[in-house]
Amino acid sequence: MTVLRQMLGKYDTTTADGVANGLREVMQEVALAGLYRGGFFDKAAFYGGTCLRIFYGLPRFSEDLDFSLLAPDAGFSLEPYFKAVRDEFSALGIDVEISAKQKTIRTGIESAFLKSDTRLFNIAVHADKTVKIKFEVDTQPPLGFGTEEKLLLQPFSFYVKCFSLPDLFAGKMHALLYRNWKSRVKGRDWFDLEWYVRNDIPLNLSHFIVRAIQSGHLKDENLSEQQFRTLLDRRVEALDVAAAVNDVSRFVKDVGVLKIWSPEYLKELSQRIRVKEG
């Protein structure tokens, strides 16, 4: 349990939320270690909010592990990697159950749920609830993205193949502009946009376009930088900012940083996006 204590030591476990977030994030890192041992990153790369948090310092909690195959493979299955993940948890004294999620419609996303009874963490933290994390693999990915190897030091030292930051930004903007949540607003997308702008990360417009064409939101590659900015302005104008703040508040430690949010502020951020081609 020494490694677990070290991994959990960086979290505030004096509150229920702190315990839940700490356990979930430790589980995510152990799962990455198992996938690494199983050779998963020979075929896939890590992306999304959790990738941004673990390897690039995004200051918010995140729930899911999102991966993209490096090349399309409609027959890809996660199941060959389950044993390696189970073994990694078992080596730390943790029992987990992994099961494939049954999809009701056919998509390019291969999903699984990873569940752990956190009572096995009782020596390290005061909790007895089950924590669930979900991981998904895009088996028909939009291509044209770059990757880089990022180092994780616990539970041991290993490298994870991750999307490069400009391509992560492109994926985030595709989600922000085209994600269909009906009446629900995902303020986390706007929080991430703010982070990219603050850190002067360029957006790979070419990869954004590839994603938008694949999702059916663009018909061809003729999208200029100005047209992209116009799309974003319209999205800001349609946004319920209060609902966005309410959504992301659960995932950040200091909600005071959200007080500045307004349509005017988000438009100002949008204008400061640094766009690059290719």
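**Pocket lining and nonpolar core**

The largest pocket encloses about 1,200 Å³ of space in this predicted model. A total of 40 residues line the largest pocket, and those closest to its centre are Tyr47, Asp66, Glu136, Ala175 and Arg179. By residue class, the lining comprises 15 charged, 13 nonpolar and 12 polar residues. At least two lining residues come from each of the helices α3 (49-56), α5 (165-178), α6 (187-198) and α7 (205-214), and from each of the strands β2 (64-69) and β5 (130-138). Of the elements that form the lining, α5 gives the most, with 6 residues.

The largest nonpolar core contains 85 residues, and Phe46 and Phe228 have the most contacts inside it. Beyond its neighbours up to four places away in sequence, Phe46 touches Leu32, Phe41, Cys51, Ile54, Phe55, Leu65, Asp66, Phe67, Val160, Lys161, Cys162 and Phe163. Asp66, one of these contacts of Phe46, is also among the residues closest to the centre of the largest pocket.

Two cysteines, Cys51 and Cys162, are likewise among the residues that Phe46 touches. The count of disulfides in the model is 0. Cys51 is in no disulfide, and the nearest cysteine sulfur, that of Cys162, is 3.8 Å away. Because a disulfide requires sulfur atoms within 2.5 Å, the 3.8 Å between the sulfur of Cys162 and that of Cys51 is too far for a bond. Cys51 has 0% relative accessibility and therefore counts as buried; Cys162, at 0% relative accessibility, likewise counts as buried.

Conventions:
Residues numbered from 1 in each chain as written. Predicted model: local features only at pLDDT ≥ 70, side-chain atom pairs only at ≥ 80, totals over all residues. Heavy atoms only, no water. Core = buried A, V, L, I, M, F, W, Y, C linked by side-chain atoms within 4.5 Å. Buried < 20%, exposed > 50% of the residue type's maximum accessible area, 1.4 Å probe, protein only. Contact = heavy atoms within 4.5 Å. 1 Å grid on protein atoms, 1.4 Å probe; cavity = no way out; pocket = protein on both sides within 12 Å on 5 of 7 lines; lining within 4 Å. Points joined across faces, edges and corners; volume = space filled by probe spheres on them. Helix = DSSP H or I, 4+ residues; strand = E, 2+ residues; numbered from the N terminus. Nonpolar A, V, L, I, M, F, W, Y, C, P; charged D, E, K, R; others polar.
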